[in-house]
Amino acid sequence: MSVTHGKMGLSLTQEILSHLGLANKTAAWGTLGTLRTFLSFSADKDVQRLLKAIAGQDPDRALPGSRASPHLGSGVDRIAILDVLTNRSREQRQLISRAFHERTQQGSGSAEDVALEILATRTPPQLQECLAVYKHNFQVDAAEDIKSETRGILRDLLLALAKGGREAYTGIIDYNLAAQDIQALKQAEGPSTERTWVLVFTQRNPEHLVRVLNQYQWYTGHELEKTVRARFHGAACVALLNLASVIRNTPLYFADKLHQALQETEPNYQALMRILISRSETDLLSIRAEFRKKFGKSLYSSLQDAVKGDCRSALLALCRAEDL
């Protein structure tokens, strides 16, 4: 499939998603409508199917003898796209739209995404070593490149993480500070309040932040991620959602990244190697467990099925074993 065809399929899917959200009220005939809630619904699975269909790789559909749409490349599986988007309720389509937007905005190999992954998940000694090697190899501080290549809250987040100023956990629970942070994030809605998000997400220790995330939902009735999606857009939104994911469950964050790398048209070998190598001495067993739990298939089998070429044996060796 050509790049042009992929972009056309992506564009059409985004357009359909936006229009299908217009039916935001119950029809006058109520249960006589033609759509019902899809019982075995999974936004993640639907997004994966849409992306595969756009790439002409949907495993569940074929186009025997059908004529290509004038708006799509011949490799795009338009039947699969329509099957998903015309068989989900309004609420389900909104969840698909949000997940689809985040997935296509983020990608799994963008420079910003990789920078955030490294800055947010390395220990202080590891981070200092990474920054030192970066300066040695490129003759410039990573902070200078961040300043020149990013902007807005994304730049502020990356710079704050690069400073490595996150508080260490002392074993003492500061309930008052948690309440203050929750209140500050609830009130940080204006254009001049972005600094509050940067401060809380990059300075507080992980144990404190888990408490803030959990109690935020208790106080407001919804997850903090919902506020992030409503408050921020584009790269800043993706960065904050990734940080929240790292804070909540770092092994699950990496399991999601590995799964995404395996779902691309061609497996993202750089992402697979980076994650498996960097986590093989820390928490890869936990990542394997989270992968199996969420996706119903072991990481080892997923690598066996998707990865080809010379690095296949190396990646399988790093993964080590099957999880039954």
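Me: Which residue's side chain meets that of Asp83 in a salt bridge?
Reply: This is a predicted model, where local features need pLDDT of at least 70 and side-chain atom pairs count only at 80 or more, while totals for chains, interfaces and linings use all residues. A salt bridge here is a side-chain nitrogen of Lys or Arg within 4 Å of a carboxyl oxygen of Asp or Glu. Asp83 brings the oxygen, and 3.0 Å away from it sits a nitrogen of Arg49.

Me: How many residues apart in the chain are Asp83 and Arg49?
Reply: Residues are numbered from 1 along each chain as its sequence is written, and side-chain values use heavy atoms, with hydrogens and water left out. Asp83 belongs to helix α3 (residues 78-85), and Arg49 to helix α2 (residues 43-54). The bridge therefore ties together distant parts of the chain, with Asp83 itself at 23% relative accessible area, and the separation is 34 residues.

Me: Is Arg49 buried or exposed?
Reply: Let's use the cut-offs: buried means under 20% relative accessible area, exposed over 50%, and partly exposed in between (1.4 Å probe, protein chains only). Asp83, at 23%, is partly exposed. Arg49 has a relative accessibility of 15%, so it counts as buried.

Me: How many salt bridges does the count come to?
Reply: Asp83 with Arg49 is one pair, and Arg279 with Asp283 is another, at 2.9 Å from N to O. Both Arg279 and Asp283 are buried. Under the 4 Å rule, the count comes to 17.

Me: Which residue's side chain meets that of Glu117 in a salt bridge?
Reply: Glu117 is in helix α5, and its partner is 157 residues away, in helix α15 (residues 269-279). Both ends of this bridge are buried. The N to O distance is 2.8 Å, and the partner is Arg274.

Me: Which residues are linked with Glu117 and Arg274 in a network of salt bridges?
Reply: Glu117 and Arg274 already share a bridge of their own. They also belong to a wider network with two other members. Those are Asp113 and Lys257.

Me: How far apart in space are Val114 and Arg274, C-alpha to C-alpha?
Reply: Val114 sits in helix α5 (residues 111-121). At 18% relative accessibility, Val114 counts as buried. In sequence, Val114 and Arg274 are 160 residues apart, but in space the gap is 9.5 Å.

Me: How many helices are there in the protein chain?
Reply: Helices (H or I, at least four residues) and strands (E, at least two) are DSSP runs, numbered from the N terminus. The strand count for this chain is 0. The helix count is 18.

Me: How many aromatic pairs does the structure hold?
Reply: Rings of Phe, Tyr and Trp (its six-membered ring) pair if their centres lie within 6.5 Å; planes under 30 degrees apart are stacked, over 60 edge-to-face, and the rest tilted. By that rule the total is 6.

Me: What is the angle between the planes of Trp197 and Phe232?
Reply: Trp197 is in helix α10 (residues 194-203), while Phe232 is in the loop between α12 (224-231) and α13 (234-248), 35 residues apart. Both are buried, and together with Phe201 they form one aromatic cluster. Their centres are 5.4 Å apart, and the pair is edge-to-face, with an angle of 85 degrees.

Me: Is Trp218 buried or exposed?
Reply: Trp218 forms an edge-to-face pair with Tyr219, at 5.1 Å centre to centre. Tyr219 has a relative accessible area of 46%, so it is partly exposed. Trp218 comes in at 68%, which means exposed.

Me: Over which residue's ring does the charged end of Arg88 sit?
Reply: A charge sits over a ring if NZ of Lys or CZ of Arg is within 6 Å of the ring centre and within 35 degrees of the ring normal. Arg231 does this over the face of Phe232, at 4.6 Å from the ring centre. For Arg88 the distance is 3.7 Å, and the ring is that of Phe38.

Me: Which residues is Ser89 in contact with, leaving aside its neighbours within four places in sequence?
Reply: Ser89 is in the loop between α3 and α4 (90-106). At 9% relative accessibility, Ser89 counts as buried. Contact means heavy atoms within 4.5 Å, and the partners are Arg36 and Thr37.
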